[in-house]
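Trainee: Please pick one part of this structure and go through it closely with me. Then set that part in its surroundings.

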Amino acid sequence: MSVSISDVRADLVFAHEQAWSALSHPGTWWSGAQRRELAITAILAVNEVEPSPPWVAASTVADKKLQILFASSAAHDVVYRIARHAATLTKDWYQRTTQEIDPLAFIELCGIVCTVATVVAFRRALDLDPPELAPATPGEPSRIKPDNVVAATLNWVPVIAPADENAAVVQAFTAVPETNRVIWAMADAQYIPDKEMVDPHWTRGTLSRVQMELVATRVSQQRECFY
Amino acid sequence: MLSWSGTEQGLEVDLKNVRNASGGVDVSFARELVDFATAATEFDLAALTVARNKLMKLAGLAATVDVAAVIANFEMMTRLADSTGARMQTEVVADRLAVATAMGVDDVVSRR
């Protein structure tokens, strides 16, 4: 029994294509070449059968042969760590990291990893070939910083004001609106559209809500995610 | 969310069994759903193929694709939560203490 991409809902294919293609385009804080290169590191991290341990900087491991041409080694190390060892991250690590990488640029790195992790996981689960990354689109990042970025209590990262009125995962990427939009477009297509979240009976006609939550719970448990 | 959605639908959900990957939920294909989610988050491709084929046979192609989408979503959301230091409000944590204990979250690496 095999699955082909034509068996996948069109809205889901579209959300993945949009997010994957954005990996090679200039973002808010990183250029297209940087984003693409960092995505390659994230792909390596999620696919490695024997990853580096969390305390080893991936860029220092010679046989990984990371392509580090456009983004800094620090950015590659952050991407590798989030992609492969997210549960081991601490506030102290975040604070040290954001002494080198601006907090908003850090959020965009998280978004790159989230995109790679979700698309690769979907393809792997269904034994579909992973998509190719498009060549990098030239151009500078927009560097548009929203006016109302504030510190949050429920996240390490800054968010758009007012802070802490929504769940921590909902506000986490708001300070980088384009990253936030891409990630939640995928969540709507993969899981439950935001406006349906409060309805325990909502279904696409394939899975019941409780079946979806059972799967969600098991994955979160496998990834040792406290949240 | 699992506990809440189960209660709302009048279904029995035993979180300790979910924790032990033994199904434990009074819903269709619980065992196969847990097996597929488990295999998809590990590196044993043979086990993944078996789990996917078993689910596809029982639940159908469209449902299996949607399960893969939920798996993918939580590969994303767990990284989003852990990388941004997401935490729940104190009162929410207190409300969910029993559920959290049943799921064994006190033991997970990312506890903070």
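Mentor: We start with one helix of chain A, then move outward to its chain and to the partner chain.

First, the ground rules. This is a predicted model: local features need pLDDT of at least 70, side-chain atom pairs count only at pLDDT 80 or more, and totals for chains, interfaces and linings use all residues. Residues are numbered from 1 along each chain as its sequence is written, with chains lettered from A and ligands numbered from 1 in the order in which they are written.

Our part is helix 1 of chain A, residues 10-22. Helices here are DSSP runs of H or I with at least four residues, strands are runs of E with at least two, and both are numbered from the N terminus. Check the length of helix 1 first. Its 13 residues, at 1.5 Å a residue, should span 18 Å, and the end C-alpha atoms are 18 Å apart, which agrees. The expected span is 1.5 Å times one less than the number of residues.

Now look at which side faces in. Ala15(A), His16(A), Ala19(A), Trp20(A) and Ala22(A) are buried. Buried means that 20 or more other C-beta atoms lie within 10 Å of the residue's own; exposed means 12 or fewer, partly exposed is in between, and C-beta atoms are placed from the backbone. Down the axis of helix 1 of chain A, the buried residues fall within an arc of 160°, so they line one face of the helix. That arc is taken over the directions from the helix axis to the C-beta atoms. An α-helix has 3.6 residues a turn, so residues three or four places apart point the same way. On the other side of helix 1 of chain A, the exposed residues are Ala10(A), Phe14(A) and Glu17(A).

What lies over the buried residues? The cover of helix 1 of chain A includes helix 5 and helix 7 of chain A. Contact in this account means that the C-beta atoms of two residues, placed from the backbone, lie within 7 Å.

Next, use His16(A) as a reference point. Pro146(A) is 130 residues from His16(A) in sequence, and their C-alpha atoms are 26 Å apart in space. Pro146(A) sits in the loop between helix 5 and strand 1 (149-150) of chain A. It has 15 other C-beta atoms within 10 Å, so Pro146(A) is partly exposed. Leaving out residues up to four places away in sequence, Pro146(A) touches Ile160(A), Ala175(A) and Pro177(A).

Step back to the whole chain. Chain A holds eight helices and two strands. From the N terminus, its elements run α-α-α-α-α-β-β-α-α-α. Of its 227 residues, 45% count as buried. A compact globule of 227 residues would have a radius of gyration near 17 Å; chain A has 18 Å, which agrees. That radius is taken over C-alpha atoms, and the globule rule is 2.2 Å times the number of residues to the power 0.38. Among contacts in chain A between residues at least 6 apart in sequence, 66% join residues at least 24 apart.

Chain A splits into domain 1 (5-139 + 175-190) and domain 2 (196-227). Their C-alpha centres lie 24 Å apart. The bounds come from an automatic or database domain assignment.

Two backbone details in chain A deserve a look. Most residues other than glycine have a negative phi, and most peptide bonds are trans. The bond from Ala161(A) to Pro162(A) is cis, with omega near -5°. Pro162(A) lies in the loop between strand 2 (159-160) and helix 6 of chain A. Lys65(A) is not a glycine, yet has a positive phi of about 50°. With 8 C-beta neighbours inside 10 Å, Lys65(A) counts as exposed.

Finally, the partner. In chain A, 61 residues are in contact with 58 residues of chain B. Helix 8 of chain A gives the largest share of the chain A side, 14 residues. By class, that side has 39 nonpolar, 12 polar and 10 charged residues. Nonpolar covers Ala, Val, Leu, Ile, Met, Phe, Trp, Tyr, Cys and Pro; charged covers Asp, Glu, Lys and Arg; the others, Gly among them, are polar.
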